[in-house]
Amino acid sequence: VPTPTTDTQAANKQYVDSKIGHTQSLSTNGWTKLPNGLIMQWGRSNNIPSSSERTVYFPISFTTALNASVTRLTNVITQTMYGFHTKGVYNNRIIIVNGTSSMDSCYWFAIGY
């Protein structure tokens, strides 16, 4: 479908998405940007050594990062009272701390605009 030149012509999805401001990448480390400017990003960080931290860069940068969270990814049930947490959230990255007693992985989620 060609780019429309009048109000009554059909439009393809790419053209419509560009006009309403919705873009996204639905990959493992992905993001979606809503028409109102809100951005949600997610991903997975693998094999973080115990008692260490890792900097993970977002797929796209925020102008303002609002919040981020991490969730430990494990198939082992433990009695450990500590786990992953964020040390810092910035417009282009998150610093994740592995407070567990073993090398582990996590999912992360961030929101901003």
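## Strand pairing and the open sheet

Two strands count as paired if DSSP finds at least two bridges between them. In this predicted model, strand β2 (residues 30–33) and strand β3 (residues 39–48) meet that condition with four bridges, in the antiparallel sense. Within this pairing, Trp31 stands opposite Gln41 in β3. The connection between β2 and β3 is a hairpin with five residues between the strands, and Gly37 in its turn has a positive phi of about 100 degrees.

On the other side of the description is strand β1 (residues 23–25), which runs antiparallel to β2 and is joined to β2 by three bridges. Thr23 has Lys33 of β2 opposite. A hairpin of four residues leads from β1 to β2.

These strands belong to an open sheet of five strands, ordered β1-β2-β3-β8-β5, with antiparallel pairing. β1 and β5 are the edge strands, each pairing on one side only. On average, and with direction ignored, neighbouring strands of the sheet are turned by 15 degrees against each other. In a regular strand, side chains alternate between the two faces of the sheet.

## The β5–β8 pairing

Strands β5 and β8 run antiparallel and are joined by eight bridges. One of the residues involved is Val70, whose bridge partner in β8 is Trp108. Trp108 also takes part in the ring contacts described next.

## Aromatic cluster

The model holds two aromatic pairs. One of them is formed by Phe58 and Phe62, with 5.2 Å from centre to centre and 75 degrees between the planes; this pair is edge-to-face. Phe58 and Trp108 have ring centres 5.5 Å apart and planes at 50 degrees, so this pair is tilted. The Phe58–Trp108 pair links distant parts of the chain: Phe58 lies in the loop between β4 (52–57) and β5 (65–73), Trp108 lies in strand β8 (residues 104–112), and the two are 50 residues apart. Through these ring pairs, Phe58, Phe62 and Trp108 are linked into a cluster.

Why does Phe62 count as buried? The cut-off for buried is under 20% relative accessible area, and Phe62 has a relative accessibility of 4%, so Phe62 counts as buried. Phe58, at 8% relative accessibility, counts as buried because of the same cut-off. Trp108 is buried as well, as is its partner Phe58.

## Charge over a ring

Arg93 lies over the face of Tyr90, at 4.3 Å from the ring centre.

## Positive phi outside glycine

Asn47 is a residue other than glycine with a positive phi, near 55 degrees. Asn47 is found in strand β3. With a relative accessibility of 47%, Asn47 counts as partly exposed.

Ser51 is not a glycine either, and has a positive phi of about 55 degrees. Its place is in the loop between β3 and β4. Is Ser51 buried or exposed? The relative accessible area of Ser51 is 65%, and exposed applies over 50%, so Ser51 is exposed.

## Helix α1

Val16 is found in helix α1 (residues 13–20). The relative accessibility of Val16 is 37%, so Val16 counts as partly exposed. From C-alpha to C-alpha, Val16 and Thr64 are 26 Å apart in space, and they are 48 residues apart in sequence.

Note on methods:
Residues are numbered from 1 along each chain as its sequence is written. This is a predicted model: local features need pLDDT of at least 70, side-chain atom pairs count only at pLDDT 80 or more; totals for chains, interfaces and linings use all residues. Side-chain values use heavy atoms; hydrogens and water are left out. Rings of Phe, Tyr and Trp (its six-membered ring) pair if their centres lie within 6.5 Å; planes under 30 degrees apart count as stacked, over 60 as edge-to-face and the rest as tilted. Buried means under 20% relative accessible area, exposed over 50%, partly exposed in between (1.4 Å probe, protein chains only). A charge sits over a ring if NZ of Lys or CZ of Arg is within 6 Å of the ring centre and within 35 degrees of the ring normal. Axes are lines fitted to C-alpha atoms, for helices over the stretch in contact, and angles run from 0 to 180 degrees between N-to-C directions.
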